[in-house]
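Student: Could you take me through one part of this model closely, the sheet and what packs against it? I would like a single connected account.

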Amino acid sequence: MSTRIPLPYTPKVLELFKNPKNVGSLSDASIVAKAGSPACGDMIRLYLKVSKKNNEDYIEKITFESYGCAANIAAASILTEMVKGKKMSEAWKITWKQIADELGGLPPIKFHCSILAVGALKRAIRAYYTKQGKHPPWLPKSLSLEEKQTMEEEELIEKLYSKYLKYNTKTG
Ligand code: FES
């Protein structure tokens with residue numbers, strides 16, 4: 001019998017984990033960005049189709065692929081719903097905390113799952129403008145909290161994974 005205690009996920013997290021929205025790749029994406037590491041599986045990839053309306057850049061379509069946990073899938077799903085149809089400048093303002101709140105909360109050990117989702121979005125937005133050779137006034141030059149935290153997460157994941165590989169080579 002398993003002695004593991006299930007994580008206290010909210011009904012919203014469980015619902016979106018079972019029936020996530022906007023899953024898959026986008027063949028006509030304007031930009032693709034990823035956050036996390038494929039090495040251990042905690043990874044999310046976002047596809048954005050950006051269009052112009054009244055001289056503003058909008059997220060016309062957004063989809064995701066997640067190789068993370070239930071919380072990551074739910075966070076990515078709700079994130080795509082929240083920014084679809086929004087101006088890029090509005091989407092940029094989304095924080096990981098808003099995502100967690102929309103999900104009805106996340107267990108603290110799962111905060112990083114929503115950080116990865118927002119980190120991927122902010123990377124995608126930044127990468128889009130870098131690709132265009134533009135820098136809109138609302139886009140900060142320095143990295144946002146989520147971009148920084150995503151980099152820290154990635155470094156940590158890589159360190160843990162290489163430690164695991166070393167250990168496995170010795171004992172394997
Ligand atoms: Fe790593 Fe959720 S994405 S535990």
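Tutor: Happily: in β2, the bridge partner of A33 is L46, and in β3, L46 is bridged to F64. This is a predicted model, where local features need pLDDT of at least 70 and side-chain atom pairs count only at pLDDT 80 or more, while totals for chains, interfaces and linings use all residues. Residues are numbered from 1 along each chain as its sequence is written. Strands are DSSP runs of E with at least two residues, and helices are runs of H or I with at least four, numbered from the N terminus; two strands pair if DSSP finds at least two bridges between them.

Strand β1 (residues 31-36) pairs antiparallel with β2 (residues 43-53) over 6 bridges, and 10 bridges join β2 to the antiparallel β3 (residues 56-66). V50 has I59 as its bridge partner in β3. β2 and β3 form a hairpin with 2 residues between them, and N54 in that turn has a positive phi of about 45 degrees.

Together, 3 strands make an open antiparallel sheet in the order β1-β2-β3. β1 and β3 stand at its edges with a single partner strand each, so one side of each has no neighbour in the sheet.

Now for the helices. α2 packs on the sheet, touching β2 and β3, and its direction makes about 160 degrees with that of β3. α5 lies across β1 and β2, at about 145 degrees to β1. Here contact means C-beta atoms, placed from the backbone, within 7 Å; axes are lines fitted to C-alpha atoms, for helices over the stretch in contact, with angles from 0 to 180 degrees between N-to-C directions.

How values were computed. Two residues are in contact if their C-beta atoms, placed from the backbone, lie within 7 Å.
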